[in-house]
Structures are given as structure tokens and as C-alpha cells.
Amino acid sequence: MSLPNFSLFLFLSIIFHAVSLVVEAQNGNGGRGGGVSVSTQLWCVAKNNADDAALQGALDWACGPGGADCSPIQQGGPCYNPNDVQTMASYAFNDYYLKNGMTDDSCSFGNNAAVTSLNPSRGSCKFPSSSSGKNGSGSDSNSSTTTVGVGSDSAGLSGCSQIVLTWFWPLITIHLFMVITHTF
């Protein structure tokens, strides 16, 4: 086999392998029993620019008629901080969101809340997530799922992007190096 034919064969083999890895990652196990699994955890939190009075009104509704479990934000609870209405409202909003179908409507609170993939838990104040199924101050922040999203606390790459960076581009670089060095 001549060098140009070998290079084309190598290049096509690399492409086929990279595409098959991406397809496996998207389909789960790909028939090999392992596979790549990427799960996104979601929380409903108060918006940073929300007015404290509006948050307090929504917090009162969530803990009252809304039926959210607000015991962790009551005095003595792990999330109680009377000087931080945003965190306390976020906890109540998140509990309501988890109990009411995790829809856009269950995380609105008069447009004062939004869904995020950034874990709002801090210290002993643990927020249950969409994948944990827990309520209260459980330790679900040690979950083994990979958080995918935008921000400093989340993984910056999806499973497919990680495969491309890990396998595809290094192999292309090696291939190009071989082609260039054999043409001179």
C-alpha cells in the first residue's frame, strides 16, 4: 500500500472511530456495557436581580399555600439566615419546584426565579436537586452525576465534546504530522 493510500485509510479509520465514540456517548452504553452517562442536576433559585420585597412575598407564598417544606430555613435550620432573603427564598422555591413537576411554571414566582445547573448549596445548607429526589438538608451534593452547564461550578464539556478533545483532534494531528513528514 502506498503512502497516500495508507494516509487516506488511516484518516478514514480515525473518522470512523471518532464518530462511533460520539454515537456511543449519545446512546448510553453502545452495546459495550459501560458507556458514557452524563446527567444534569437542576435547581430553582431566586434571580440575583430580584427585589427583596418581591422575594419575601414569594417566599411567604411558597412556605404557606404553596406547600414547600421550609423547615430548613426556619430559625435553627441549616439554611436559616434572616439577612439573606435570596438564599432562603431559593430554598423554598427549589422545594416547591421539585414537588410540583419541575416545569417552567413551577419555577417562576412572579418571574423572580430561574432554573440553574449551578449547585446553590453552601456549607451545611444543602439544596436537593432534580436528580436526588431528597428533601431537607441531606448530603446529596456528593452525588456522582456530572453537572453540565455554564459557570465555574459546572463541567465545561459534555461527554461528546470530551471524547472529541480526547481522541479525535490528537489523532488528526498525528495523521497530519505523518503526511507532512513523508511528503518531504
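Biologist: In this predicted model, how far apart are the sulfur atoms of C63 and C70?

Modeller: A pair of cysteine sulfur atoms counts as a disulfide when the two lie within 2.5 Å. C63 and C70 form such a disulfide, and the separation of their sulfur atoms is 1.9 Å.

Biologist: Is the link of C63 and C70 left-handed or right-handed?

Modeller: The handedness goes with the angle about the S-S bond, which for C63 and C70 is -90 degrees. The link of these two cysteines is therefore described as left-handed.

Biologist: Is C63 buried, partly exposed or exposed?

Modeller: Buried means under 20% relative accessible area and exposed means over 50%, with partly exposed in between. Its partner C70, with a relative accessible area of 6%, is buried. C63 has 28% relative accessibility, so this cysteine counts as partly exposed.

Biologist: How many residues apart in sequence are the parts that C44 and C107 tie together?

Modeller: C44 and C107 form a disulfide with their sulfur atoms 2.0 Å apart. Because C44 lies in strand β1 (residues 43–46) while C107 lies in the loop between α3 (85–99) and β2 (113–116), the pair ties together parts whose distance in sequence is 63 residues.

Biologist: What is the handedness of the disulfide of C79 and C125?

Modeller: C79 and C125 form a disulfide, their sulfur atoms being 1.9 Å apart, and both cysteines are buried. The torsion about their S-S bond is about 105 degrees, so the disulfide is right-handed.

Biologist: Which pattern do the disulfides of the protein chain follow?

Modeller: A search of the whole structure finds 3 disulfides. With bonded cysteines counted along the chain, the pattern is 1-5, 2-3, 4-6.

Methods
Residues numbered from 1 in each chain as written. Predicted model: local features only at pLDDT ≥ 70, side-chain atom pairs only at ≥ 80, totals over all residues. Heavy atoms only, no water. Helix = DSSP H or I, 4+ residues; strand = E, 2+ residues; numbered from the N terminus. Buried < 20%, exposed > 50% of the residue type's maximum accessible area, 1.4 Å probe, protein only.
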